[in-house]
Amino acid sequence: MINGHINWLIKPLGYQPITKRCPSCEVKKLFLPAGTFRVNAQKKTLDVWNIYKCEKCDYTWNIDIHARINTNKLDPELHQRFLHNDLDEVRRYAYNYSLLKRNHAELGPTPPYEIQGPSPYALTDTEQVIITLDFEQAIPVRLINILTRKLCLSRGQVARLIDEGVLLDLSPSDLNRKFKQSMTLRMSLVRLYQLDPPFVESTSNVEVS
Ligand SMILES: [Zn+2]
């Protein structure tokens with residue numbers, strides 16, 4: 001059996017918004033990170049917040065990252081990144097779902113995301129491909145949405161690929177699950193190209209994005 005291996009990286013664009021009634025707009029609005037931290041030092045303790053801003057009016061809301069933490073307990077490099085409003089750190093905290101939950105933040109819609117990595121149709125002379133899915137951030141995305149997009153198939157067609165033994169290691173109920181962590185599945189290209197009528201044209205002529 002000739003195996004191939006591809007990786008898909010699911011990478012959200014922008015930030016995970018939260019939704020909240022804005023006292024200034026007087027209606028529910030989306031709030032997004034402003035790109036700044038607020039650090040308050042008092043003697044030996046620190047408070048650190050990620051600042052969120054109403055999408056409409058610039059009203060701000062603070063998400064607690066650390067409350068009254070002893071300065072010695074904070075990694076000095078992380079402390080510097082807070083002080084310098086490191087945007088990678090802002091982004092990481094914007095996707096820290098347990099932190100958002102602790103702050104009773106209601107989540108807005110999951111941001112759009114891209115799926116980096118080759119299409120399995122690009123592989124030639126491969127009988128079975130192992131597909132590893134990695135998440136840059138732990139966004140809650142249903143597996144079916146990843147597969148329909150990346151395989152250019154309808155939901156019904158993806159479900160049929162499980163029945164037909166093309167997508168292995170999955171049950172139909174897995175398709176609606178939200179995987180936020182790395183996972184691996186196998187796809188039999190031999191079985192795929194045997195389907196009658198065919199779902200996709202055999203390898204060489206397929207456009208690869
Ligand atoms: Zn507002």
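Which residue in β12 does Thr-132 stand opposite? In this predicted model, the residue facing Thr-132 is Thr-184 of β12. The two strands concerned, β8 and β12 (residues 183–188), pair in the antiparallel sense, with six bridges between them. Strand β8 also pairs with strand β1 (residues 3–12), here in the parallel sense and over eight bridges. Within that second pairing, Ile-10 has Phe-135 of β8 as its bridge partner. Strand β8 itself spans residues 128–135 and is mostly covered, six of its eight residues being buried.

The largest nonpolar core holds 56 residues, and the members that touch the most others are Leu-161, Met-187 and Leu-192. Helix α4 (residues 143–151) supplies the largest share of this core, namely five residues. The core lies between domain 1 (3–13 + 111–205) and domain 2 (18–107), because both domains give residues to it. Beyond its neighbours within four places in sequence, Leu-192 is in contact with Leu-161 and Met-187, and also with Tyr-121, Val-166, Phe-199 and Val-200.

Helix α4 also contains Thr-148. This threonine has a relative accessible area of 17% and is therefore buried, the limit being under 20%. A polar atom of the Thr-148 side chain lies 3.3 Å from the backbone oxygen of Asn-145. With neighbours within four places in sequence left aside, the contacts of Thr-148 are Leu-153, Ser-154, Arg-155 and Val-158.

Side chains of opposite charge can pair when their charged atoms come close. The model contains nine salt bridges. One of them joins Arg-92 to Glu-89, with 3.1 Å between the closest N and O atoms. Both residues belong to helix α2 (residues 87–94); they are three residues apart, so about one helical turn separates them. The partners are not equally accessible: Arg-92 is partly exposed at a relative accessible area of 44%, whereas Glu-89 is buried at 5%. Arg-81 is linked with Glu-89 and Arg-92 in a network of salt bridges.

Glu-164 takes part in salt bridges with two arginines, Arg-160 and Arg-191. For the pair with Arg-160, the closest N and O atoms are 3.2 Å apart; for the pair with Arg-191, the corresponding distance is 3.6 Å. Arg-191 is located in helix α6 (residues 189–194) and Glu-164 in the loop between α5 (155–163) and β10 (167–168), so this salt bridge ties together parts that are 27 residues apart in sequence. Glu-164 is partly exposed, with 26% relative accessibility. Arg-160 is likewise partly exposed, at a relative accessible area of 30%, and Arg-191 is partly exposed with a value of 30%.

Conventions. Residues numbered from 1 in each chain as written. Predicted model: local features only at pLDDT ≥ 70, side-chain atom pairs only at ≥ 80, totals over all residues. Heavy atoms only, no water. Core = buried A, V, L, I, M, F, W, Y, C linked by side-chain atoms within 4.5 Å. Buried < 20%, exposed > 50% of the residue type's maximum accessible area, 1.4 Å probe, protein only. Helix = DSSP H or I, 4+ residues; strand = E, 2+ residues; numbered from the N terminus. Domains from an automatic or database assignment. Contact = heavy atoms within 4.5 Å. Pairing = 2+ DSSP bridges. Polar contact = N/O pair within 3.5 Å; in protein donor to acceptor, adjacent residues only side chain to side chain. Salt bridge = Lys/Arg side-chain N within 4 Å of Asp/Glu carboxyl O.
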